[in-house]
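I opened my notebook to look up how the helices pack. My notes follow in the order I took them.

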Amino acid sequence: MERMNTESSRPSVRERPLSPHLQVYRLPVTALLSITHRITGVLLSIGLIGLVLVLMLVVQGPSAYAPVHAFLSGIVGRILLWAWITALLFHLSHGIRHLAWDTGHGFSRDSLLYYAVGELVATLVLVLAVAVATLARS
C-alpha cells in the first residue's frame, strides 16, 4: 500500500493567526485591578504570617523582640510595613467594590472606569489618613 502524503493538507504553522501579545494588547483597568487584588491578597497572607511570628517574639520578651524592632525601625522595615498597609487598604477598597457588584451595580461600561478610579482614590485617601494618624501620634 502506498502512504498518503498528508503534509500538504496540513496548514502551515505560519498561516495560523497569532494571539495578541501582551505588549500589543492593553488590559482594561478592571483587569489590572483584579490582578492587583489577587497579588495583594497573597502579599497580605504572607504579611499575616510575619505578623504572627512577630507577635510570638513579643510574647517571648524584649530580648527576643529587639532584633525585629530594630529591623522594623529601619528604612527597609518601614517600607515593608507601608507596603503591607497599602496592600491592605487597596484590598479593602477592591472588596467594597465587589460588594457593590454583588448588589448588581457598577457593570455598565461608563461606571466600570468610574468605580475603578474611585477605588484607587479611596485607597490613596485611606493611606494618607493612616499616615496623618501615624505622624500625629509621634
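I began with helix H1 (residues 29–60) and helix H4 (residues 109–137), keeping in mind that the model is predicted. Their axes come within 9 Å and cross at roughly 40°. H1 and H4 are therefore oblique to each other, since angles under 35 degrees would count as roughly parallel. The crossing of H1 past H4 is left-handed. I then listed who touches whom. H1 brings Val-29, Thr-30 and Leu-33, while H4 brings Leu-112, Leu-113, Ala-116, Glu-119 and Leu-120. I sorted these residues into 6 nonpolar, 1 polar and 1 charged.

Next I turned to H1 and H3. Their axes lie 9 Å apart, at an angle of about 130°. H1 and H3 are therefore oblique to each other. This crossing, too, I noted as left-handed. From H1, the contact residues include Thr-30, Leu-33, His-37 and Leu-44. From H3, they include Trp-84, Phe-90, His-94 and Arg-97. The contact of H1 with H3 divides into 8 nonpolar, 10 polar and 1 charged.

Then I looked at H3 by itself. Does its length fit, I wondered, and what should its 28 residues span? At 1.5 Å a residue, helix H3 (residues 75–102) should span 40 Å, and its end C-alpha atoms are 40 Å apart, which agrees.

Which residues of H3 are buried? I found Gly-77, Ala-87, Leu-89, Phe-90, Ser-93, His-94, Arg-97 and Trp-101. Their cover includes H1, helix H2 (62–73) and H4.

Last, I checked what follows H3. Gly-104 comes after H3, with a positive phi near 90°.

Methods:
Residues are numbered from 1 along each chain as its sequence is written. This is a predicted model: local features need pLDDT of at least 70, side-chain atom pairs count only at pLDDT 80 or more; totals for chains, interfaces and linings use all residues. Side-chain values use heavy atoms; hydrogens and water are left out. Axes are lines fitted to C-alpha atoms, for helices over the stretch in contact, and angles run from 0 to 180 degrees between N-to-C directions. Helices (H or I, at least four residues) and strands (E, at least two) are DSSP runs, numbered from the N terminus. Angles under 35 degrees count as roughly parallel, over 145 as roughly antiparallel, 65 to 115 as roughly perpendicular and the rest as oblique. A crossing is left-handed if the near helix is turned anticlockwise from the far one by less than a right angle, and right-handed if clockwise. Contact means heavy atoms within 4.5 Å. Ala, Val, Leu, Ile, Met, Phe, Trp, Tyr, Cys and Pro count as nonpolar, Asp, Glu, Lys and Arg as charged, and the others, Gly among them, as polar. The expected span of a helix is 1.5 Å times one less than its number of residues. Buried means under 20% relative accessible area, exposed over 50%, partly exposed in between (1.4 Å probe, protein chains only).
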